[in-house]
Amino acid sequence: MFTRPFRYERAGQYTDACDLLRAYGEDAKVIAGGQSLLPMINLGLVQPGVLVDISRLAEGREITVQDNGYLALGALVTHARLAADTGARAAQPLLAEAARRIGNNRVRNRGTLGGSLAHADPAAELPLVMVALGASYEVTSGRVSRSVRAEDFHLGFFTTGLDADELITSVRAPVLGPGWGWSFQEMSRRDGDFAVASVAALIRSADGLVVEARVAAGAVSDRPVRLADVESALTGCAVADIAARVGPIQGIRPADDTGATAQYKERLTRVLVTRALEEAAGRSGEAA
Ligand SMILES: Cc1cc2nc3c(=O)[nH]c(=O)nc-3n(C[C@H](O)[C@H](O)[C@H](O)COP(=O)(O)OP(=O)(O)OC[C@H]3O[C@@H](n4cnc5c(N)ncnc54)[C@H](O)[C@@H]3O)c2cc1C
């Protein structure tokens, strides 16, 4: 497969990048770490006429724990930095753990948070964790900026609520609160492969009872899915009874593929949900 020749533009700021996207229209694609876009170009799945490089912007690399209980992450933060940053890990260990599970060293060193969220692969770790956390994404067209909830942003297979001239600039994720425990569970065929199924969970417990739970599943639908039925079934239940409360998982739509059948993925998701909730509850108990 030969790559179609393309024009290369390096943006100095997000506003420049948005202007370039408007100027070149549908023929233009933004490139950050290139870890999803370049394989797609090489496979001929996309053939942009213009690449707008945002990888060298001065902005967009911040990792800041804010006074208001949020972790602010620039869209150009790499997966490797997110996994290794001690401040980010202390503030929201679920995110750091998910970033650590992505691909291999090369992918983590070059791939960016904004790229992963915008690419919207239903099996990707970071969108799943953002949905579980109730994070929001800051998005700009250079003229207008807006905040989009992760659950509203991911619309389907490789599909998001971004307009053609919009970019993700940063993410706001809640810091792990007092008494909360967390867990990230993933099954993949080989270390570093995309997940067959994955689950992110958070629990706050007190006196052996679940006070609040948040749980989401990845790779088993066209987008990360928050498991509202599981969450409500757990509220008020004894931590020791968690496994008994997790029934067949509602709201997911796994598909057969070369790696596993839909039925297997359904059963696997239930196992991972149970493991994640039990681990999160254990950590919540330690944190209390
Ligand atoms: C071998 C291999 C294994 C991988 N394994 C995993 C894995 O296990 N889990 C996983 O989650 N991912 C995996 N990936 C994908 C990887 O995480 C990518 O880094 C990530 O999906 C995209 O980030 P990027 O910065 O490289 O984006 P790019 O490839 O540069 O761009 C991806 C898409 O996002 C758009 N984009 C980039 N930045 C922005 C922005 N700020 N705002 C709006 N749009 C933007 C681009 O236009 C493009 O459409 C793997 C990739 C490879 C090559």
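This report looks at the ligand and at one pocket in a predicted model.

## Reading the model

Residues are numbered from 1 along each chain as its sequence is written, and side-chain values use heavy atoms, leaving out hydrogens and water. Local features need pLDDT of at least 70 and side-chain atom pairs count only at pLDDT 80 or more, while totals for chains, interfaces and linings use all residues.

## Around the ligand

Let's start with the ligand, which has 31 residues around it (each with a heavy atom within 4 Å). Val30, Gln35, Leu37, Thr112 and Glu125 are the closest. Five residues of this shell come from α7, the element that gives the most; helices here are DSSP runs of H or I with at least four residues, and strands are runs of E with at least two.

Some polar contacts (pairs of N or O atoms within 3.5 Å) help to fill in the picture. The side chain of Glu125 places an N or O atom 2.6 Å from a nitrogen atom of the ligand. A backbone N or O atom of Gly33 lies 2.8 Å from a ligand oxygen atom.

By class, the shell has 14 nonpolar, 13 polar and four charged residues. Here Ala, Val, Leu, Ile, Met, Phe, Trp, Tyr, Cys and Pro count as nonpolar, Asp, Glu, Lys and Arg as charged, and the others, Gly among them, as polar.

## The second largest pocket

Next comes the second largest pocket, lined by 21 residues. On a 1 Å grid over the protein atoms alone, a pocket is an open set of points where a 1.4 Å probe fits, with protein on both sides within 12 Å along at least five of seven lines; lining residues have an atom within 4 Å of a point. Ala123, Ala195, Ala219, Asp257 and Lys265 lie nearest the centre of this pocket. Its lining counts 11 nonpolar, three polar and seven charged residues.

How values were computed: A polar contact is a pair of N or O atoms within 3.5 Å; within protein, one must be able to donate a hydrogen and the other to accept it, and residues adjacent in sequence count only if both atoms are side-chain atoms.
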